[in-house]
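Good morning, and thank you for coming. I would like to walk you through one structure, and I ask you to keep it in view while I speak.

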Amino acid sequence: MKWLPLLALLISPLVSAVTLDELQQRFTEQPVVRAHFDQTRTIKDLPQPLRSQGEMLIARDHGLLWDQKKPFPMMLLLDDKRMVQVINGQPPQTVTAENNPQMFQFNHLLRALFQADRKVLEENFRIAFNDLGNGRWSLVLTPTTTPLDKIFSTLDLGGATFLESIRLNDKQGDRTDITLSQHQLTPASLTDDERQRFAAP
């Protein structure tokens, strides 16, 4: 889908600067986005960073599916009502707003990041949005609400047509870097397999 960024540049006026509202509109017009992710977690007390990779799916009307392939299988599903985690084929663990409100709040926020939901972001962060030119942008979020302000110093996002990078800087001095690539917008609705995964108990 290499023509998508080029197409976006041709359609949008070349002189226009990217704004957060435009970014939210851009992401809202992508009902289903699939991408490959590479994640690196740098922990100050460990000599080597922890690396993982897999596939990510964000569906506007369903939620977020995080399907880690390496170094071991782990599936994470987030929707409006729950977070379900399955590690290495073990029984699923389910978190809801009732049994773990703080974790659920963070998961709700994670979806807001992927969808550039301005209302949710403004309720939880001080926002510094920068237009980098050529359709590229960066977004630095500084937490203003608890427990986020106790966990993270900043969350840094960047991209162009799509969200391409996320950096989570935590208060302990550790860092998580996520790179998203190979974005696909088709098919624009969930496949049968994807729909079944979101419907799983």
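**From a hairpin to the core**

Let us begin with a hairpin formed by β5 and β6, with five residues between the two strands. In its turn, N88 has a positive phi of about 55°. Please bear in mind that this is a predicted model. Strand β5 covers residues 82-87 and strand β6 covers residues 93-96; they pair in the antiparallel sense over four bridges. One pair to locate is R82 and its bridge partner in β6, T96.

Where does this hairpin sit in the open sheet? The sheet has 11 strands, in the order β6-β5-β4-β3-β2-β1-β11-β10-β9-β8-β7, and the pairing is antiparallel. Its edge strands are β6 and β7, each of which pairs on one side only. On average, neighbouring strands are turned by 15° against each other, direction ignored.

Two helices lie across parts of this sheet. Helix α2, residues 20-28, crosses β7, β8 and β10, at about 105° to β8. Helix α6, residues 192-199, lies across β1, β2, β3, β4 and β5, and runs at about 105° to β3.

Now consider β2 and β3, which run antiparallel and are joined by seven bridges. Here M56 stands opposite W66 in β3. M56 also touches residues further away in sequence, including V33, F114 and L180.

Which residues have the most contacts inside the largest nonpolar core? They are M56, F114 and L157, in a core of 38 residues. Helix α3, residues 101-115, gives the most to this core, with five residues. A second, separate core has 10 residues, among them V32, L65, L77 and L190. In soluble globular proteins, nonpolar side chains tend to be buried together.

Terms used:
Residues are numbered from 1 along each chain as its sequence is written. This is a predicted model: local features need pLDDT of at least 70, side-chain atom pairs count only at pLDDT 80 or more; totals for chains, interfaces and linings use all residues. Side-chain values use heavy atoms; hydrogens and water are left out. A nonpolar core is a set of buried Ala, Val, Leu, Ile, Met, Phe, Trp, Tyr and Cys residues joined through side-chain atoms within 4.5 Å. Buried means under 20% relative accessible area, exposed over 50%, partly exposed in between (1.4 Å probe, protein chains only). Contact means heavy atoms within 4.5 Å. Two strands pair if DSSP finds at least two bridges between them. Axes are lines fitted to C-alpha atoms, for helices over the stretch in contact, and angles run from 0 to 180 degrees between N-to-C directions. Lists of a residue's contacts leave out its neighbours within four places in sequence.
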